[in-house]
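Please open the structure in a viewer and keep the selection tool at hand. The tour below proceeds one selection at a time.

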Amino acid sequence: MLLQDQRVVIIGGTSGIGLAIARASIAAGATVIVASSRQSSIDAALADLGPSATGQPVDVQDTDAVGRFFDALGDIDHLVYTAGEALSLMPISDLDLDRARGFFQTRYFGALNIVHGAVPHLRPGGSVTLTSGSAGERPGAGWALAASVCGAIASLTRALAIELAPIRVNTVAPGVVRSPLWGQMSDTARAEMYEGAGAALPVGRIGEVEDIARAYLYCMTQGYGTGAVINVDGGALLV
Ligand SMILES: NC(=O)c1ccc[n+]([C@@H]2O[C@H](COP(=O)([O-])OP(=O)(O)OC[C@H]3O[C@@H](n4cnc5c(N)ncnc54)[C@H](OP(=O)(O)O)[C@@H]3O)[C@@H](O)[C@H]2O)c1
């Protein structure tokens with residue numbers, strides 16, 4: 001098995017794409033450590049994942065807490081970062097600078113802080129896989145902030161691939177994926193959004209979390225690609 005006896009830490013591994021990565025990693029032979037902000041999501045994820053998983057909450061903004069989190073874990077093989085809240089639109093005409101800065105907190109500064117804490121513990125041959133989104137290269141009107149976060153993660157990925165080499169650093173950029181991220185929409189609005197977004201894509205459907213998890217597994221298990229942003233978006237960049 002591709003991840004036999006390897007230790008995979010997934011920040012954001014308690015829901016959606018991260019939880020699917022945790023399941024796929026365990027199926028590939030790994031033991032996984034999932035972390036996110038809420039104990040309730042950790043408990044639910046561990047009940048789902050079974051004995052090959054452990055987990056605990058972590059405040060991704062707190063450098064000391066992140067340091068303690070990784071010190072307690074010891075050596076790890078792969079770090080995955082999928083933590084993030086739902087993206088919301090902010091047209092430039094409605095700019096709120098404090099809210100705009102907030103877009104970067106979990107997805108960018110959280111990722112940076114987690115990488116800083118994890119790197120001393122990554123074994124040779126290890127990898128880091130971050131998360132962006134197709135909005136980075138294919139933004140619509142009102143997506144300036146969300147697209148900027150994706151662009152920042154892509155640049156961070158390339159810079160870290162050089163600085164942390166030979167540890168490999170990659171990013172997965174999903175398109176629209178069916179996940180709890182969209183849970184704040186009404187059932188009807190969400191179903192319509194999924195239907196409309198899928199119909200507009202070359203593949204004719206939106207993504208499932210398992211589609212996206214395979215890209216993260218690829219990033220962990222191949223030994224050659226680094227500094228890459230892998231788009232898994234049903235062809236969204238083409239239409
Ligand atoms: N779903 C999509 O269509 C889509 C498309 C493009 C990109 N993405 C990106 O992919 C990533 C994962 O999305 P998803 O669909 O898997 O979302 P999800 O199902 O809502 O999962 C998000 C995860 O992040 C954790 N999280 C949220 N805020 C956190 C914080 N401050 N600190 C630590 N953990 C935090 C959540 O757990 P807690 O609530 O316990 O903190 C949860 O485990 C996100 O960055 C998202 O923007 C998703």
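A residue counts as near a molecule if its C-beta atom, placed from the backbone, lies within 6 Å of it. The model shown here is predicted.

Begin with the ligand and select the residues around it. There are 27 of them, and Gly16, Ser36, Ser37, Gly84 and Ser179 come nearest. Two elements, α1 (16-27) and α4 (97-118), each give two or more residues to this shell. Coloured by class, the shell shows 15 polar, nine nonpolar and three charged residues.

Next, keep α1 and add helix α7 (residues 209-221). Their axes come within 8 Å and cross at roughly 60°, which makes α1 oblique to α7. The crossing of these two helices is right-handed. Display the side chains where they meet: on α1 these are Gly16, Ile17, Ala20, Ile21, Ala24 and Ser25, and on α7 they are Val209, Glu210, Ile212, Ala213, Arg214, Tyr216 and Leu217. The residues of this contact comprise nine nonpolar, two polar and two charged.

Now select the strands. Seven of them form an open sheet with parallel pairing, in the order β3-β2-β1-β4-β5-β6-β9. β3 (53-57) and β9 (229-232) stand at the edges with a single partner strand each, so one side of each has no neighbour in the sheet. On average, neighbouring strands are turned by 20° against each other, direction ignored.

Finally, focus on strand β4 (residues 76-81) and strand β5 (residues 122-131), which pair in the parallel sense over four bridges. Here leucine 79 stands opposite valine 128 of β5. Add α4 to the view: this helix packs on the sheet, touching β1 (7-11), β4 and β5, and its direction makes about 175° with that of β4.

Key:
Residues numbered from 1 in each chain as written. Predicted model: local features only at pLDDT ≥ 70, side-chain atom pairs only at ≥ 80, totals over all residues. Nonpolar A, V, L, I, M, F, W, Y, C, P; charged D, E, K, R; others polar. Axes fitted to C-alpha atoms, helices over the stretch in contact; angles between N-to-C directions. Parallel < 35°, antiparallel > 145°, perpendicular 65-115°, else oblique. Left-handed = near helix turned anticlockwise from the far one by under 90°. Contact = placed C-beta atoms within 7 Å. Pairing = 2+ DSSP bridges.
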